[in-house]
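User: Please take a close look at one part of this model: the helix packing around its central contacts. Keep it brisk, and walk me through who touches whom.

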Amino acid sequence: MASSKTGIDVEALIAQYEQATNQQGQALRQAVHGATLRALQQRELTLKAIKEVVKSVTEAAAQGAARNTHGVDVEAMLAQTVAGVDDAVRQAVQASQRVLQQLLDQGVDVREKQVKKAMDDLERMEDMVFQTMRKATSGAALAPMQGAWAQALMLFGQGDSATGQAANDAVEQLLAKAQAAAREGRAFNQRAAQAFMDHYATLVSGVLIGMSEAMGAASAPAAKPAPARKSR
């Protein structure tokens, strides 16, 4: 049964976690990455929409992991979960960067209200992902696993996630591009700004689809592996 709101097959994801063994960590990561990415591709990529997808995937993973009776290493399983979500959102950040780059190439002023908001959303993306995952795993029913979730999230540390690194790089490069355009005296194009920004979220979704097709939708994510567990 797919979630009508996010397009995620929640029951299938829960079942995969419920039945997983220690040897299936990479398969779980790919399942989470794929489910997250497909859901993002089906929506206009606003910050709110991305948050809803992250919440839905995390809740499904949490429910399935809580039901698992195969003696799995829960922290390792959940670290793979965070890695899968993180890498999918990283790709959404990169898609946003490409669209904003097109805006700047059209002569749009980075100080224009809607462009500034899009840049601000990029800077908030990492915090949003981690806060959403923490909140989604904080319910009373998941109390026995909250320590494992906290450990899995801590391994990625904010500022060190694929999403955070991509967002930081995107903002740096976009600001540098805007400064170069200002030095060159390029004219601000209000018409181009409005035309792009009216469809910004849809354009980002389209770019994300194109990126995935170029890489091959069935290939494993290329992001860094889940961090090794820290000794206590």
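Analyst:
**Helix packing**

The axes of helix α3 (residues 47-67) and α5 come within 9 Å of each other and cross at roughly 30°. Because angles under 35 degrees count as roughly parallel, α3 is roughly parallel to α5. Their crossing is right-handed. From α3, the contact draws on L47, I50, K51, V54, K55, T58 and E59. From α5 come D121, R124, M125, M128, V129, T132, M133 and A136. By class, this contact of α3 with α5 holds eight nonpolar, two polar and five charged residues.

Bear in mind that this is a predicted model. The protein chain has nine helices and zero strands. Read from the N terminus, its elements run α-α-α-α-α-α-α-α-α. Of the 232 residues, 50% count as buried. The accessible surface of the chain comes to about 11400 Å². Carbon and sulfur atoms own 50% of that surface. Contacts with a separation of 6 or more can also be split by sequence distance: 84% of them join residues 24 or more positions apart.

**From α5 to α4**

Next, the other partner of α5. Helix α4 spans residues 74-105, and helix α5 spans residues 113-136. Their axes come within 11 Å and cross at roughly 180°. Angles over 145 degrees count as roughly antiparallel, so α4 is roughly antiparallel to α5. On the α4 side, the contact uses V82, V85, V89, V93, S96, L100 and L103. On the α5 side, it uses V115, A118, M119, L122, M125, V129 and M133. The classes here are 13 nonpolar, one polar and no charged residues. S96 is among the α4 residues in this contact.

Residues M125, V129 and M133 of α5 deserve a second look. They meet α4. They also take part in the contact with α3.

**From α4 to α6**

Helix α6 covers residues 146-156. The axes of α4 and α6 come within 8 Å and cross at roughly 50°. The two helices are therefore oblique to each other. This crossing is right-handed. On α4, the contact residues are V74, E75, L78, A79, T81, V82, A83 and D86. On α6, they are A148, W149, Q151, A152, L153, L155 and F156. They divide into 11 nonpolar, two polar and two charged residues. V82 of α4 appears here, and V82 also belongs to the contact with α5.

Now the α6 side. A148, W149, Q151, A152, L153, L155 and F156 are buried in α6. The buried residues of α6 pack against α3, α4 and α5. Q151 is a useful one to pick out. Q151 lies in helix α6. With a relative accessible area of 11%, Q151 is buried, because buried means under 20%. Q151 and L78 sit 73 residues apart in sequence, yet their C-alpha atoms are 8.8 Å apart in space. Both residues are listed in the contact of α4 with α6.

**Q97 and L174**

Two residues extend the picture to helix α7. Start with Q97, which belongs to helix α4. Q97 is buried, with a relative accessible area of 15%. Leaving out residues up to four places away in sequence, Q97 touches A170, Q173 and L174. The C-alpha atoms of Q97 and V207 are separated by 9.9 Å, although the two residues are 110 residues apart along the chain.

L174 returns the contact. L174 is found in helix α7 (residues 162-183). Its relative accessible area is 0%, and L174 is buried. Again leaving out residues up to four places away in sequence, L174 touches Q97, L100, Q101, L104, M119 and L122. Of these, L100 is on the α4 side of the contact with α5. M119 and L122 are on the α5 side of that contact. The C-alpha atoms of L174 and V110 are separated by 8.5 Å, with their positions 64 residues apart along the chain.

**In short**

α5 is roughly parallel to α3 and α4 is roughly antiparallel to α5. α4 and α6 are oblique to each other. From α7, L174 touches residues including L100, M119 and L122.

Terms used. Residues are numbered from 1 along each chain as its sequence is written. This is a predicted model: local features need pLDDT of at least 70, side-chain atom pairs count only at pLDDT 80 or more; totals for chains, interfaces and linings use all residues. Side-chain values use heavy atoms; hydrogens and water are left out. Axes are lines fitted to C-alpha atoms, for helices over the stretch in contact, and angles run from 0 to 180 degrees between N-to-C directions. Helices (H or I, at least four residues) and strands (E, at least two) are DSSP runs, numbered from the N terminus. Angles under 35 degrees count as roughly parallel, over 145 as roughly antiparallel, 65 to 115 as roughly perpendicular and the rest as oblique. Contact means heavy atoms within 4.5 Å. Ala, Val, Leu, Ile, Met, Phe, Trp, Tyr, Cys and Pro count as nonpolar, Asp, Glu, Lys and Arg as charged, and the others, Gly among them, as polar. Buried means under 20% relative accessible area, exposed over 50%, partly exposed in between (1.4 Å probe, protein chains only). Accessible areas come from the Shrake-Rupley method with a 1.4 Å probe; for residues, only the protein chains shown count as cover. A crossing is left-handed if the near helix is turned anticlockwise from the far one by less than a right angle, and right-handed if clockwise.
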